[in-house]
Amino acid sequence: MTSDRSTVIQTRDLRKEYGSTVAVDDVSLEVYDGEIFALLGPNGAGKTTAVELIQGLREPTAGTVTLFGTDLQEHLLEVKDRIGVVPQSFHTFERLTVRENVALIADLHSNPLDTDEVLAELDLDDWAGERFSSLSGGYQRRTGIAMALVSDPEVLFLDEPTAGLDPAARRATWEHIERLPALGTTVVLTTHYMDEVEYLADRVALLVDGHVEAVDSVPGLVEEYAGEVTVVVHLPDGSDEATPELESVLESEAKAVYRRDTALVGVFDDRQRAQETYSALQDIGTHSIDLVSPGMEDVFLELAGASMAPGGELQ
């Protein structure tokens, strides 16, 4: 995939070794201005190490990193002043209020954004006077993003931004991250959540064992690696087969039909044909039926040869 937007991050053959362990294995990436770019992979895949190399927090064993057209190692301080970072293990001054924490970071920079404007952008106005220690995990994470944004970074790095949050807090955090490119901030995030990538990312790099397996948009990855759309007919308990009418419709329309546990599955190359068949089977009305589209979980299974548990471990 190509873009007419400017490249703000470029890595070439980036590698990081710790003795005999290769944490990042010849990673070459480009991140474009104004996009949300995700590094997706299981725990231990090298996501955090990769972004720490890009941020200049670690020195690579080999390879190069260019930010804003500038070699990172040659202009490290200049580049660091143009980025913001919210690490996964985020800590700040717990006895200070939200506003005080954000204002403290603003005071460390020569041209910060207005503290109250940043708080407003992240819907933290009503919490500005609360101590950081009293906040829920979601609001603590949002405060961390505000502290990173107040320096007016051109690129914001978010390492596992919703790890450990409840579903409501995760969704609220996504909505705030989604708005950042419109404010002029390119976002690079690491995550092991498939739904997070599907919701947020313009493009995704899938990492396994420190190596990039594929880079593309979510639809591009799904189309290339995730396989076909399926129509699943759930058979009632004790039933070995669907009704003749239902089975006839499925077999006449699907590319292939097979049994899976207590279900009859039709495989389709074309989503429109699958949708029409699903509707026809629903009209028959004798069985429970699902239309199942492939997603990032299918992409990951195809490329990694394993699935990923909710906690980020391979299984």
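**Entry 1: the sheet**

I began with the sheet in this predicted model, and I found that four strands form an open sheet in the order β2-β1-β4-β5, with antiparallel pairing. I then asked which strands stand at the edges. They are β2 (21–32) and β5 (70–71), and each has a single partner strand, so one side of each is left without a neighbour in the sheet. I reminded myself that strands of a sheet pair through backbone hydrogen bonds, either parallel or antiparallel.

**Entry 2: β1 and its partners**

Next I followed strand β1, residues 7–18, and looked up how many bridges tie this strand to β2. The two strands pair in the antiparallel sense over eight bridges, and within that pairing Q10 stands opposite E30 in β2. I also noted that β1 and β2 form a hairpin with two residues between them, and that G19 in the turn has a positive phi of about 65°.

On the β4 side, I saw that β1 and strand β4 (residues 62–67) pair in the antiparallel sense over five bridges. I wrote down two of the residue pairs that face each other here: I9 stands opposite L67 in β4, and R12 stands opposite T64 in β4.

**Entry 3: the end of the sheet at β5**

I moved on to β4 and β5, which pair in the antiparallel sense over two bridges. L67, which I had already met opposite I9, has T70 as its bridge partner in β5. These strands also form a hairpin with two residues between them, and in this turn the residue I noted is F68, whose positive phi is about 55°.

**Entry 4: a helix across the sheet**

I looked for what lies against these strands and found helix α1, residues 47–55, which lies across β1, β2 and β4 and runs at about 120° to β1.

**Entry 5: two positive phi angles**

I kept in mind that most residues other than glycine have a negative phi, and I then checked two residues that depart from this. D13, which lies in strand β1, has a phi near 50°, a positive value in a residue other than glycine. E160 also has a positive phi, of about 50°, although it is not a glycine, and its place is in the loop between β7 (155–159) and α6 (167–178).

Are these residues buried or exposed? I found that D13 is partly exposed, with a relative accessible area of 46%, whereas E160 is buried, with a relative accessible area of 3%.

**Entry 6: the largest pocket**

I turned to the pockets and noted that the largest has a volume of about 350 Å³. It is lined by 16 residues, and the closest to its centre are I83, G84, V85, I105 and A148. I asked which elements give two or more residues to this lining, and the answer is β6 (83–86) and α5 (137–149). When I sorted the lining of the largest pocket by class, I had eight nonpolar, seven polar and one charged residue.

**Entry 7: the second largest pocket**

The second largest pocket has a volume of about 260 Å³. I counted 13 residues in its lining, and M194, E297, M308, A309 and P310 lie nearest its centre. The elements that give two or more residues to the lining of this pocket are α7 (194–200) and α11 (296–304), and I noted that α11 gives the most, with four residues. By class, the lining of the second largest pocket has eight nonpolar, two polar and three charged residues.

**Entry 8: one residue of α11**

To finish, I looked up L301, which is found in helix α11. L301 is partly exposed, with a relative accessible area of 45%. I asked which residues L301 is in contact with once its neighbours within four places in sequence are left aside, and I found A306 and S307. I also checked the C-alpha atoms of L301 and D261, which are 40 residues apart along the chain, and they are separated by 20 Å.

Definitions and conventions. Residues are numbered from 1 along each chain as its sequence is written. This is a predicted model: local features need pLDDT of at least 70, side-chain atom pairs count only at pLDDT 80 or more; totals for chains, interfaces and linings use all residues. Side-chain values use heavy atoms; hydrogens and water are left out. Two strands pair if DSSP finds at least two bridges between them. Contact means heavy atoms within 4.5 Å. Axes are lines fitted to C-alpha atoms, for helices over the stretch in contact, and angles run from 0 to 180 degrees between N-to-C directions. On a 1 Å grid over the protein atoms alone, a cavity is a set of points where a 1.4 Å probe fits but cannot get out, and a pocket is an open set with protein on both sides within 12 Å along at least five of seven lines; lining residues have an atom within 4 Å of a point. Grid points are joined across faces, edges and corners, and a volume is the space filled by probe spheres set on the points. Ala, Val, Leu, Ile, Met, Phe, Trp, Tyr, Cys and Pro count as nonpolar, Asp, Glu, Lys and Arg as charged, and the others, Gly among them, as polar. Buried means under 20% relative accessible area, exposed over 50%, partly exposed in between (1.4 Å probe, protein chains only).
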